[in-house]
Amino acid sequence: MCRHLAYLGVPVTLHELLHAPAQSLLVQSYAPRRQRHGLVNADGYGVGWYHPGRPRPVRYRRAMPMWADASFAEVAQVVPAACVLAAVRSATPEFPVDESCAQPFTCDGWLFSHNGRIDGFAGVEEALRREAEPAVPDVRAPVDSALLFGMAVRLWRRGRPLAEALAHVTARASALSPGRYNLLATDGVRLAATARGDSLYVRRTGEAVVIASEPFDGDTRWRPVPDGSLVTADAHGVVIRPIEEVVCTDP
Ligand code: GLN
């Protein structure tokens with residue numbers, strides 16, 4: 001399983017968010033504390049963020065471990081952002097260690113990450129592909145998570161809200177095949193995440209909201225998200241509901 005996080009709030013540098021904290025995503029790439037599957041997240045990483053005046057996010061990915069990328073750590077010190085989604089990867093064994101499989105995935109204005117795996121992927125791949133938006137570069141990546149992204153993009157392009165689409169994809173994919181489905185997404189002004197099968201935490205302060213696979217510091221305001229929940233967060237607050245309450249009936 002991978003570790004991922006999303007941030008929305010006052011601008012911080014990517015370094016302050018991803019490298020500096022005591023249990024930062026960087027530390028989680030080699031010493032995660034709450035990860036239920038896999039020991040390290042060394043099979044690539046990615047960071048997406050929104051830059052003022054650009055409707056689409058900027059996305060940086062590498063197939064290398066985050067800890068090996070000293071150049072990005074340097075640049076991150078001078079890149080501020082108010083909305084960020086980042087992930088470190090522990091590849092599911094049947095899929096390649098390739099930059100195209102590193103998340104977040106992106107399309108139009110969205111960023112997306114899947115922490116988990118689809119069990120028996122070969123048996124459900126065709127069924128999932130029929131529900132995924134086809135002509136999107138990241139949907140073609142040779143990894144299970146890409147099809148979940150494709151399913152979400154299809155719903156978003158049909159006007160479904162960010163969170164509703166994540167709830168639907170989580171419920172639909174887990175009905176087709178067991179597995180672990182922690183999804184995380186943003187459109188730049190709101191965050192949404194599902195917890196199904198792995199850890200998830202949320203922290204809201206006066207300045208920002210963070211949704212993360214695990215706390216990146218010792219702040220006592222981190223709250224665990226119950227398994228089976230959908231989290232939505234924007235400038236007005238955080239809401240946690242059961243996934244099934246939100247699933248759309250007519251996708
Ligand atoms: N299944 C996805 C992959 O192989 C995500 C892996 C994970 O969460 N560890 O990249």
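Q: A salt bridge here is a side-chain nitrogen of Lys or Arg within 4 Å of a carboxyl oxygen of Asp or Glu. With that cut-off, how many salt bridges does the structure hold?
A: Keep in mind that this is a predicted model. Side chains of opposite charge can pair when their charged atoms come close. Going by the cut-off, the salt bridges in the structure number 18.

Q: Asp138 has a salt-bridge partner; which residue is it?
A: The N to O distance for this pair is 3.9 Å. It links distant parts of the chain, 77 residues apart, with Asp138 in the loop between helix 4 and helix 5 and the partner in strand 3. Both side chains belong to buried residues. The partner of Asp138 is Arg61.

Q: Is Arg154, the salt-bridge partner of Glu133, buried or partly exposed?
A: Glu133 and Arg154 meet at 3.8 Å, N to O. Glu133 sits in the loop between helix 4 and helix 5 while Arg154 sits in helix 5, so the pair ties together parts 21 residues apart in sequence. Glu133 has a relative accessible area of 18%, so that one is buried. Arg154 comes in at 21%, which means it counts as partly exposed.

Q: Which residue does Arg160 form a salt bridge with?
A: The closest N and O atoms of this pair are 3.0 Å apart. Arg160 has 25% relative accessibility, so it counts as partly exposed. Its partner is at 17% and therefore counts as buried. That partner is Glu164.

Q: Which residues do salt bridges with shared partners join into one network?
A: Glu133 and Arg154 already meet in a salt bridge, and both belong to the network. The full membership is Asp108, Glu133, Arg154 and Arg157.

Q: What is the strand order in the open sheet of seven strands?
A: The pairing in this sheet is antiparallel. Strand 3 (58–62) and strand 11 (223–224) each pair on one side only, which puts them at the edges. Strand 2 (residues 45–49) pairs with strand 3 over five bridges. Reading across, the order is 3-2-4-1-10-9-11.

Q: Which residue of strand 3 is the bridge partner of Gly48?
A: Strand 2 covers residues 45–49 and pairs with strand 3 in the antiparallel sense. The partner of Gly48 in strand 3 is Arg59.

Q: How many residues does the hairpin use to join strand 12 to strand 13?
A: Strand 12 (residues 229–234) and strand 13 (residues 237–242) pair in the antiparallel sense over six bridges. One of the bridge pairs is Asp234 with Gly237 in strand 13. The hairpin joins the strands through a number of residues equal to two.

Q: Which element gives the largest share of the largest nonpolar core?
A: This core has 39 residues, and Phe112, Leu128, Leu148, Phe149, Trp156 and Leu166 touch the most other members. Among the elements giving two or more residues are strand 6 (110–118), helix 4 (121–130) and helix 6 (162–176). The largest share is nine residues, and it comes from helix 5.

Q: How many residues are in the other core, the one with Val12 and Trp49?
A: This core lies apart from the largest one. Its members include Leu26 and Val210, and its residue count is 25.

Q: Tyr30 and Trp67 form an aromatic pair; what is its geometry called?
A: A pair of aromatic rings is described by the distance of the centres and the angle of the planes. By the ring-pair rule the count is nine aromatic pairs. For Tyr30 and Trp67 the centres are 6.1 Å apart, and with 80° between the planes the geometry is edge-to-face.

Q: What is the approximate area of the nonpolar surface patch that Tyr30 and Trp67 help make?
A: Tyr30, in helix 2 (residues 25–30), is partly exposed because its relative accessible area is 42%. Trp67 is partly exposed too, with 41%. Leu39 and Val40 complete the patch, whose area is about 440 Å².

Q: Which three residues do ring pairs link into a cluster?
A: Tyr45 is at 1% relative accessibility, so it counts as buried. Phe72, at 4%, counts as buried as well. The cluster is made of Tyr45, Tyr60 and Phe72.

Conventions:
Residues numbered from 1 in each chain as written. Predicted model: local features only at pLDDT ≥ 70, side-chain atom pairs only at ≥ 80, totals over all residues. Heavy atoms only, no water. Helix = DSSP H or I, 4+ residues; strand = E, 2+ residues; numbered from the N terminus. Core = buried A, V, L, I, M, F, W, Y, C linked by side-chain atoms within 4.5 Å. Buried < 20%, exposed > 50% of the residue type's maximum accessible area, 1.4 Å probe, protein only. Patch = residues over 30% accessible without salt bridge, like charges linked within 9 Å, V, L, I, M, F, W, Y side chains within 5 Å. Areas by Shrake-Rupley, 256 points an atom, 1.4 Å probe, with all protein chains shown as cover. Phe/Tyr/Trp six-rings, centres within 6.5 Å; stacked < 30°, edge-to-face > 60°.
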